[in-house]
Amino acid sequence: MSSLDDFSADDGAAVGGVHIKYLVHCPRQLWLYARGYRPEHRSDRVAFGEVVADTTFTRRRDIDLGQAKIDWVTTGAVVHETKSSRAPSPAHAAQVRHYCLLLERRGITVRGGTVHYPLIRRTTDRPLGRRRPHGSRRRRNPSPQRRRRDRVAASR
């Protein structure tokens, strides 16, 4: 399964951050997770990640949206997520974008997100890119040669 078709809002099924992470990381894991298989509760790596998240930013509070739990949101509507990984991953960025979308659906204008990697003392900013409607193209400035050709064609 490589799409979230089974998790439509009509069914009442909630799509959380873990769903997004598994969708990007491993669709098979998403399939298992969606059907209730949760081996990560017995994982030492998951337990370690929870300890890192709990001890790194102690003054911040989680924001529970029901289907997702955001680590925190700062003034100016920037979503923050803490990861215990030593390397950034596309799944981390996808989770932050998903959290931004969930907040925007609730009427909050979000600027983007930041993923914190405390073990390597690094952060990555993820601005919320606005997508153009499907089928629309971005107009590029014509090249100087193209402008000259257009002028010559117009003068004839």
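**Note on the predicted model**

1. Start with Glu81. Glu81 sits in strand β4; strands (E, at least two residues) and helices (H or I, at least four) are DSSP runs, numbered from the N terminus. Glu81 is buried, at 6% relative accessibility. Here buried means under 20% relative accessible area, exposed over 50%, and partly exposed in between, with a 1.4 Å probe and protein chains only. Leaving out residues up to four places away in sequence, Glu81 touches Lys69, Ile70, Asp71, Val96, Tyr99, Thr114, Val115 and His116. A contact means heavy atoms within 4.5 Å.

2. Ground rules for this model. The model is predicted: local features need pLDDT of at least 70, side-chain atom pairs count only at pLDDT 80 or more, and totals for chains, interfaces and linings use all residues. Residues are numbered from 1 along each chain as its sequence is written, and side-chain values use heavy atoms, with hydrogens and water left out.

3. Overall build. The chain has 5 helices and 6 strands. Along the sequence, the pattern reads α-α-α-β-β-β-β-α-β-β-α. Of the 156 residues in the chain, 28% are buried. Among contacts with a separation of 6 or more, 52% join residues 24 or more positions apart.

4. Surface. The chain exposes about 11500 Å². Carbon and sulfur atoms supply 47% of that area. Accessible areas come from the Shrake-Rupley method with a 1.4 Å probe; for residues, only the protein chains shown count as cover.

5. The largest pocket. Its volume is about 1600 Å³. The closest residues to its centre are Lys21, Val46, Gly49, Glu50 and Lys83, out of 43 that line it. Elements giving two or more residues to the lining are α1 (17-25), α2 (27-34), α3 (44-56), β4 (78-82) and α4 (90-105). Helix α3 gives the largest share, 7 residues.

6. How the pocket is defined. The search uses a 1 Å grid over the protein atoms alone; a pocket is an open set of points with protein on both sides within 12 Å along at least five of seven lines, whereas a cavity is a set where a 1.4 Å probe fits but cannot get out. Lining residues have an atom within 4 Å of a point. Grid points are joined across faces, edges and corners, and the volume is the space filled by probe spheres set on the points.

7. What is the lining of the largest pocket made of, by class? It has 13 nonpolar, 17 polar and 13 charged residues. Ala, Val, Leu, Ile, Met, Phe, Trp, Tyr, Cys and Pro count as nonpolar; Asp, Glu, Lys and Arg as charged; the others, Gly among them, as polar.

8. Helix α1. Gly17, His19, Ile20 and Tyr22 are buried in α1. The cover over the buried residues of α1 includes α2 and α4. Lys21 also has a partner far along the chain: its C-alpha atom is 8.6 Å from that of Pro90, at 69 residues' separation. Pro90 belongs to helix α4. Pro90 is exposed, at 61% relative accessibility.

9. Asp54. This residue lies in helix α3 and counts as exposed at 59% relative accessibility. Asp71 is 17 residues from Asp54 in sequence, and their C-alpha atoms are 9.8 Å apart. Asp71 is also one of the residues that Glu81 touches.

10. Thr124. Strand β6 (residues 122-127) holds Thr124. Thr124 is buried at 10% relative accessibility. Not counting residues up to four places away in sequence, Thr124 touches Pro88, Gly113, Thr114, Val115 and Tyr117. Thr114 and Val115 also appear among the contacts of Glu81.

11. Backbone points to check. Most residues other than glycine have a negative phi. Ala77, not a glycine, has a positive phi of about 60 degrees. Ala77 is in the loop between β3 (72-74) and β4, and is buried at 14% relative accessible area. Arg121, also not a glycine, has a positive phi of about 50 degrees. Arg121 is in the loop between β5 (112-117) and β6, and is exposed at 79%.

12. Cysteines. How many disulfides are there? The count is 0, taking a disulfide as a pair of cysteine sulfur atoms within 2.5 Å. Cys26 is partly exposed, with a relative accessible area of 26%. Cys100 is buried at 1%.
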